[in-house]
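Colleague: I would like to learn how to read the empty spaces, the ring pairs and the sheets of a protein model. Could you take me through them one at a time, with the general idea before each case?

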Amino acid sequence: MRSFVEEQGQGLDSSLVAWLVGGIVAEPDAELRRVFTPLTGELLAQVPLSRVSDVGLAVQQARPALRVWAGLGHRRRAEVVLGFHDRLLAARDQVLDLIQLETGKTRANAFEEVVEVANVARYYARTAAALLAPRRVRGVMPMIATAREQRLPRGVVGIITPWNYPFALSLGDALAALLAGNAVVLRPEPRTSLSVLWGLRLLIGAGLPAGVLQVVVGDGDLIGDAVARRTDFVCFTGSTATGRQVAQVAAERMVGCSLELGGKNALYVRADADLDLAVDVALRSSFAGAGQVCVHTERLVLHEAVADAFLARFVPAVEAMRLGVALRYGYDMGSLFGDDQLRRVCAHVDDAVRHGATVLTGGRPRPDVGPWVYAPTVLEGVTAAMDVRDAETFGPVVSVYRVSDDEAAVRLINDSDYGLHAGIVSADRAAARQLAPRLHSGTVSINETFLASWGAVGAAMGARGHSGTGGRHGAEGLLRFTVLQSVAEQRAGSLGVARGAQERFAGLFCRALVALRRARLR
């Protein structure tokens, strides 16, 4: 299927924009937000903004739709999602254009979003029924009582997503929530809502009933807050500061929440590492998405025995990266998201240099490539006096640290408030596996970038410390959107005891407990 944008230009047809934004729950006279593409800085579209009352309407419309969706059963819901999966892959060039135009990332990085959504759709469509199946457990006494656990939908799930991976994070979480039997009210970032709305249109075309997935668009402090205050469960991806506010709102309302927040991730290159492999992993993990990935590497921890040899290969490889903002494959890194992000990256690098850090390469904007492009940057000599040491930069900047052994590497990697992802490059995979549990991170990738963990959709991506709670993917990624209910059934007899028989009953019951202690637990 042809893409939306011809090679000569990077604009969108007004009829296409109107078709997409028609999926937003908003009033006809809604305020319009001007959206500019990071690729060129030019106007991309005008997007209607929802009001707080629109969020209430979306939740209200989702509740009857939820009953329709739940009535379809697991098999039919899976068919809808697998139909979406097939349509997505067939029409991928369309959404690749939208993702690039909205975010400024390379086409290869945009393709990662498509793959993520397709993998999640296929995995949960095939496993949801088994993961949600009731589980029989022992009752209070064998033979005369039984019990089972069953998973029930939470109701209307609120999903609040950021701008950096808009399609993957929005649709990936929404699909899991939908296959758990919920309805969803989704709030994407206003500047990256078009790709999400395209996904909504594709889902409806695949058979998703009207109202099951509602999209509201607006700033987080207004519309995101309204979603958190009106839905039955909140799934949030974004900054740690905002995540704390979402958690507070959820706690006040006594509803559950799932939070994936910031990271200050490290990659450890051990003394035995294959240096060609280490350079490749470090290059991709540090500069994917121009560093605007919550699991990308910002700290490069090098064993001192190989540090000089590694840097002698790594720095030239960074300098050889191909930067570009075109709607085609072939570039290693694209643009930052906007002027705010560019200023943050500049501030971190300038502060580090002012306090004595050395720029091994990069360290400057690249307006010759694009208005918000920053050169991939490698720093050495970073200390605690510098902002870049502990604060998340969220840009194409990686700091180099040298360690004498594995123990020092573990201490340095764990010396962070965050705990999202870590990487290890080592020829001794068994030694790397032994190191992994000692790292305070939700995921660990060995001899590959974060794509190894992210792509393993059957394994949960957790978080520790200031990086959040809960996790996507795996059983946990689906079950977080459910509530656990236990149903106990008494088949015979009674647990009630008359006053005169209580002492005798206690003796008999204790003998039964002793017998159970000796029996095999099944």
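Modeller: Let us start inside, where about 100 Å³ of space lies in the largest cavity. On a 1 Å grid over the protein atoms alone, a cavity is a set of points where a 1.4 Å probe fits but cannot get out, whereas a pocket is an open set with protein on both sides within 12 Å along at least five of seven lines; a lining residue has an atom within 4 Å of a point. Points are joined across faces, edges and corners, and the volume is the space filled by probe spheres set on them.
This is a predicted model, in which local features need pLDDT of at least 70 and side-chain atom pairs count only at pLDDT 80 or more, while totals for chains, interfaces and linings use all residues. Residues are numbered from 1 along each chain as its sequence is written, and side-chain values use heavy atoms, with hydrogens and water left out.

Colleague: How many cavities of 30 Å³ or more does the search of the whole structure find, and which residues line the largest cavity?

Modeller: The search finds six of that volume or more. Around the largest cavity stand Asn-164, Tyr-165, Leu-169, Glu-260, Val-293, Cys-294, Val-295, Trp-454, Met-461 and Arg-472. To read such a list by class, count Ala, Val, Leu, Ile, Met, Phe, Trp, Tyr, Cys and Pro as nonpolar, Asp, Glu, Lys and Arg as charged, and the others, Gly among them, as polar; this lining then divides into seven nonpolar, one polar and two charged residues.

Colleague: And what volume has the second largest cavity, and which residues lie nearest its centre?

Modeller: Its volume is about 90 Å³. Of the 18 residues that line the second largest cavity, Glu-260, Met-461, Gly-470, Gly-471 and Arg-472 lie nearest its centre. The elements that give two or more residues to this lining are β8 (233-237) and β9 (256-260), where helices (H or I, at least four residues) and strands (E, at least two) are DSSP runs numbered from the N terminus. By class, the lining of this second largest cavity has seven nonpolar, seven polar and four charged residues.

Colleague: Turning to the open spaces, how much space lies in the largest pocket, and which element gives the most to its lining?

Modeller: The largest pocket holds about 1100 Å³ of space. It is lined by 39 residues, and Pro-162, Trp-163, Glu-189, Arg-191 and Thr-242 are the closest to its centre. At least two lining residues come from each of β1 (32-36), α7 (220-230), β8, α8 (240-253) and α11 (339-354), and α7 gives the most, with five. The classes in the lining of the largest pocket are 14 nonpolar, twelve polar and 13 charged residues.

Colleague: What can be said of the second largest pocket, and which residues lie nearest its centre?

Modeller: The second largest pocket has a volume of about 330 Å³. Eleven residues line it, with Arg-136, Val-137, Arg-138, Gly-139 and Pro-142 nearest its centre. Two or more lining residues come from each of β3 (135-138) and β4 (145-153), and β3 gives the most, with three. Five nonpolar, two polar and four charged residues make up the lining of the second largest pocket.

Colleague: How many aromatic pairs are there, and why is the pair of Phe-167 and Trp-198 given the class it has?

Modeller: Rings of Phe, Tyr and Trp (its six-membered ring) pair if their centres lie within 6.5 Å, and planes under 30 degrees apart count as stacked, over 60 as edge-to-face and the rest as tilted. The count comes to eight aromatic pairs. The ring centres of Phe-167 and Trp-198 are 6.1 Å apart and their planes stand at 55°, so this pair is tilted. Because Phe-167 lies in helix α5 (residues 166-179) and Trp-198 in helix α6 (residues 194-205), the pair ties together parts that are 31 residues apart in sequence.

Colleague: Are these two residues buried or exposed?

Modeller: Buried means under 20% relative accessible area and exposed over 50%, with partly exposed in between (1.4 Å probe, protein chains only). Phe-167 is buried at 0%, and Trp-198 is buried at 2%. Elsewhere, ring pairs link Trp-163, Phe-337 and Phe-394 into a cluster.

Colleague: Finally, in what order do the six strands of the open sheet lie?

Modeller: The order is β7-β6-β5-β8-β9-β19, with mixed pairing. Each of β7 (213-215) and β19 (468-469) stands at an edge with a single partner strand, so one side of each is left without a neighbour in the sheet. Two strands pair if DSSP finds at least two bridges between them; β8 and β9 pair in the parallel sense over five, and Phe-233 has Gly-256 in β9 as its bridge partner.
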